[in-house]
Amino acid sequence: MKFTNAQEVISCLYSLPHLHPKNDLSFIKKILAKLGNPQDQVKNVHITGTNGKGSTSYYLATLLKKAGQKTGLFVSPYVYRFNERIQLNNQDISDQDLVKAANKVQAAFEEIQKEDNDFSLVTFEYEVAIAFVYFADQKCDYAVIEVGIGGEHDKTNVITPEASIITTIGLDHEQIIGPTIQDIAREKSGIIKRNRPVVLGNVPQEVLPILKQKAEKEQAPLYQLGRDFEVKLDEQIVYSDNEHELAFKLRPQVEGFDIAIAVRTFFLLDLPLTNEKVEQAIDQTVIPGRYQVLQTKPLIILDGAHNIQAMTNLLKTVHQLAEKRQGHIHALVTMMKDKDLEQVFALFKQNDDVLLTTLDYPRVAEQNDFPIDVQRRYNYERDYQRGFTTLKNKMADNDILLVTGSFYLVSAILNWKGKNDAR
């Protein structure tokens, strides 16, 4: 089979299964070996974490590009279109290059199947293979690689990175890599590699020993937020370590953590860039669907927070902002039905005006999937566009409209409103 356009590639990817019967890396390693191990032809930085890995990836990729490096970026999910998943120098992969890389993967896949009838790839493995082929073909200097889920068993864990990053550890995907936070920490520690530095973000004290033990075992130098580098928020985000002090435009606290992790990692790579250029690169970074401001008066914020840790951080920031503005929060929310819905909705305040909605997507919660008390407490509008318009029409100038709970919802609103409205 030969792909002739990008839509054929994307349709093929989505027709593949999501999981193998056994959770190992043998399938991805086999296809990459057949392709000549493109993942080894480019320097990589590997990023995991319950939250913040996407933002950290974007910040680091922008810094590398600013330092004159030809920089690949592999992230998920996408907000506007699939091509966002694979980027080169902050530009989405072109349809033409997507087709070209996919055809190389498909040819290798068909060759293996001739020898081994049972060989198959899941969607994410195929995407990972396309990304590595593209980055090698483009002769990237660096590629920033965000994991899908976890670490040790993640399909991206086939690289020996220049540095590894663990942004945060909290409860999410417990069914796959849990059930406890300690299990999740052990799984994420799987990206720590021998003699390669690891940078830790805002990691809970209770799992710190697990990560430190793994770093020690691998003789990986460890750099920890709050110990080896600091970030403070006042009128600006201020980063400091033993050798540097930099200031960035104010963003929410969690973005401050992600910025600090990206900056610390960038300095470890020892690339030439002045402090001023580092500040410029970070301030210029736009991250789709993460604390993205659609308009300022009244304020509309879109954020794909979809688990307890992310939602706690987001609502803390937004509640503080509402207090400062003496305004009211209106929130349009949907979530995947397999998330911790009860705990997430407990984070909203009594006077927050929350409207539940849904999307035409199998895992998204419909009205009856929300906990009974949540259904009783909040109104439901099946049509997310009508829901958004209803809340927007209620707002005073000092109010905030928050769209959250799922990147799918954020993506749907952004695609409906158009890129120009998303500034």
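Which element gives the largest share of the lining of the second largest pocket? Helix H11 does, with seven residues. Keep that in mind as you go through these close-ups, which come from a predicted model.

**View 1. The second largest pocket and its centre.** Let's start with the space itself, which has a volume of about 1,500 Å³. A total of 44 residues line this pocket. Look for Arg251, Arg290, Tyr291, Gln292 and Val293, the lining residues that lie nearest the pocket's centre.

**View 2. The elements around the second largest pocket.** Several helices and strands give two or more residues each to this lining. The helices are H3 (53-66), H9 (253-268), H10 (275-284) and H11 (308-325). The strands are S4 (91-92), S12 (292-296) and S13 (299-303). Sorted by class, the lining residues are 17 nonpolar, 13 polar and 14 charged.

**View 3. The hairpin of S12 and S13.** Two of the strands from the previous view meet again here: S12 and S13 form a hairpin, with two residues between them. The two strands run antiparallel and are joined by four bridges. To find your way along the pair, pick out Gln292, which stands opposite Leu302 in S13. You have already met Gln292 as one of the residues nearest the centre of the second largest pocket.

**View 4. Strand S13 and its other partner, S17.** Now stay with S13 and turn to strand S17 (residues 400-404). This pairing is parallel and has five bridges. Leu302 is a handy landmark once more, since its bridge partner in S17 is Val403.

**View 5. The two covered faces of S13.** Is S13 enclosed or open? Five of its five residues are buried, so the strand is largely enclosed by the rest of the structure. On one side you will find Leu299, Ile301 and Asp303, and on the other Ile300 and Leu302. Both of these faces are covered.

**View 6. The largest cavity.** How many cavities of 30 Å³ or more are there? The count comes to one, and the volume of the largest cavity is about 40 Å³. Its lining is made up of Asp97, Lys100, Ala101, Tyr134, Asp137 and Gln138. Helix H4 (95-115) and helix H5 (123-137) are the elements that give two or more residues to this lining. H4 gives the most, with three residues. By class, the lining of the cavity has two nonpolar, one polar and three charged residues.

Methods: Residues numbered from 1 in each chain as written. Predicted model: local features only at pLDDT ≥ 70, side-chain atom pairs only at ≥ 80, totals over all residues. Heavy atoms only, no water. 1 Å grid on protein atoms, 1.4 Å probe; cavity = no way out; pocket = protein on both sides within 12 Å on 5 of 7 lines; lining within 4 Å. Points joined across faces, edges and corners; volume = space filled by probe spheres on them. Nonpolar A, V, L, I, M, F, W, Y, C, P; charged D, E, K, R; others polar. Buried < 20%, exposed > 50% of the residue type's maximum accessible area, 1.4 Å probe, protein only. Pairing = 2+ DSSP bridges.
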